[in-house]
Amino acid sequence: MALKITVIGTGYLGATHAAAMAELGFEVLGLDVVPEKIEMLGRGEVPMYEPGLTELLRRHVAGIEGSSGRLRFTTSYEEAGEFGDVHFICVNTPQKHGEYACDMSHVDAAFDALAPHLTRPALVVGKSTVPVGSAVRLAARLAALAPAGAEAELAWNPEFLREGFAVQDTLHPDRIVVGVASERAERLLREVYAKPVGAGSPFIVMDYPTAELVKTAANSFLATKISFINAMAEVCEAADGDVVKLAEAIGHDERIGRKFLRAGVGFGGGCLPKDIRAFMARAGELGADQALTFLREVDSINMRRRGHMVELTRDAVGGSFLGKRVAVLGATFKPDSDDVRDSPALNVAGQIHLQGGQVTVYDPKGMENARRVFPTLDYADSALEAARGADAVLHLTEWREFRELDPAALGAVVSERRILDGRNALDPELWREAGWTYRALGRPQA
Ligand code: UGA
């Protein structure tokens, strides 16, 4: 009989995973403790902006006309326990308030709520990003709390999906990593992932701690790569070099690679910043803190970018923000997402506002979330409206819409044709030809 799958936690990761599992042909039950989320998903609506996810969901949610009916949602752990052979834990692991460490309370709560309902053999698969050592602890807890005892097993299967590409990354993962303690667990996961593995995704089997570490190592590497190029941007600025050309030139070396070498206001979001911090905290607990002290530098290079962007803007408008209008294009931490968690764009907007500038923000998808986090900023319904009367325009999230802006049209509404590109994504020639002063991080001032 085909495996039945539950997905516990229906955020970015869980909602996408649940829909993807249904797409692969399984019967799926998604669970969340927030009833409003479950109601929305049950209607085929996605609580966040993620390209392609609504369509995927609507193809499978039961009750929607023409759907496969393989995907349902619930808030009941009892129902999930009865239903599933394989249970994916996809709850979030934010940074703890006031410290670097990872907050495991949602993961612990999910295990504690699910385990008492596991009365028959089941595989619980952790997907959340957790400190190394968590899986060993959770496996023991599962065996102790589940009526099925040792028949309720654990596996760790980290997720590498990127926001904005979540559907593609989940259906066609570039690798599938599984940390297991038995052949049975491996066999079950091979069954779950038979289609993507058949289509060429490498399936890499390892122990629990290595699987947990693969995830944090991958995100640490990506963060390091971004901070490396941003450090080069700092040197370029001091030496009148051009970091964009530099990145292009070193990127041709296959060992270095071109991706993730885009200098700018740095990385944000719900993953990279908190993951490198949690990794440092965990290494400290393990007595291996020296190994990761470089991540402290990665973090501070990254945070410095935001301050630097504010300083560049202040200089550009004459040394003080008082009485100045600043348009901020972009609020989300990256394009094709409505996520504003630890967004460099909003951080910069907030700092300028606090220094007395009159800031107007526009973002194609992130307005609602941005308003919630920074209600004191002004918001406009379009880039043009945001730019009206501005002494400086800041490009801080590289949405396609901004790359395609017409410099002449924008030039007609601003007070000063002054643009600062915090993402190195606009074409300097185009803007300069239209009479703009174009300034970017890590590039010479023409
Ligand atoms: C990241 C990882 O890329 C995923 O593989 C991982 O699964 C995910 O975290 C996670 O742990 O769940 P994501 O947070 O969606 O994915 O965002 P990224 O695409 O990694 O971008 C992170 C930040 O780096 C963004 O603010 C982006 O603007 C910035 N960035 C990226 C740069 O500043 N320069 C670059 O060259 C690339």
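**Reading the ligand site and the parallel sheet**

Author: An oxygen atom of the ligand lies 3.1 Å from an N or O atom in the side chain of Arg423. This is a predicted model.

Reader: How should I read that distance, and which other side chains have such an atom at 2.8 Å or 2.9 Å from an oxygen atom of the ligand?

Author: A pair of N or O atoms counts as a polar contact within 3.5 Å. In this structure, a polar side-chain atom of Asn219 is 2.8 Å from a ligand oxygen, and an N or O atom in the Lys334 side chain is 2.9 Å from an oxygen atom of the ligand. The protein covers 92% of the 710 Å² of accessible area that the ligand has on its own.

Reader: Which residues surround the ligand, and of what kinds are they?

Author: The ligand is surrounded by 21 residues, with Leu161, Glu163, Lys215, Asn219 and Phe333 the closest. By kind, the shell holds ten nonpolar, three polar and eight charged residues. Helix 10 (208-239) and helix 12 (272-285) each supply at least two of the shell residues; helix 10 gives the largest share, four residues.

Reader: Why does the ligand lie between domain 1 and domain 2?

Author: Domain 1 (4-206) and domain 2 (207-446) both contribute residues to the shell, so the ligand lies between them.

Reader: How is the order of strands in the open sheet read?

Author: The order names the strands across the sheet: here six strands run 11-10-9-12-13-14, with parallel pairing. Strand 11 (378-379) and strand 14 (437-440) are the edges, each pairing on one side only. Strand 9 (residues 325-329) is joined to strand 10 (residues 358-362) by five bridges, and Ala327 stands opposite Thr360 in strand 10.

Conventions: Residues are numbered from 1 along each chain as its sequence is written. This is a predicted model: local features need pLDDT of at least 70, side-chain atom pairs count only at pLDDT 80 or more; totals for chains, interfaces and linings use all residues. Side-chain values use heavy atoms; hydrogens and water are left out. A residue is near a molecule or strand if one of its heavy atoms lies within 4 Å of it. A polar contact is a pair of N or O atoms within 3.5 Å; within protein, one must be able to donate a hydrogen and the other to accept it, and residues adjacent in sequence count only if both atoms are side-chain atoms. Accessible areas come from the Shrake-Rupley method with a 1.4 Å probe; for residues, only the protein chains shown count as cover. Ala, Val, Leu, Ile, Met, Phe, Trp, Tyr, Cys and Pro count as nonpolar, Asp, Glu, Lys and Arg as charged, and the others, Gly among them, as polar. Domain bounds come from an automatic or database domain assignment. Two strands pair if DSSP finds at least two bridges between them.
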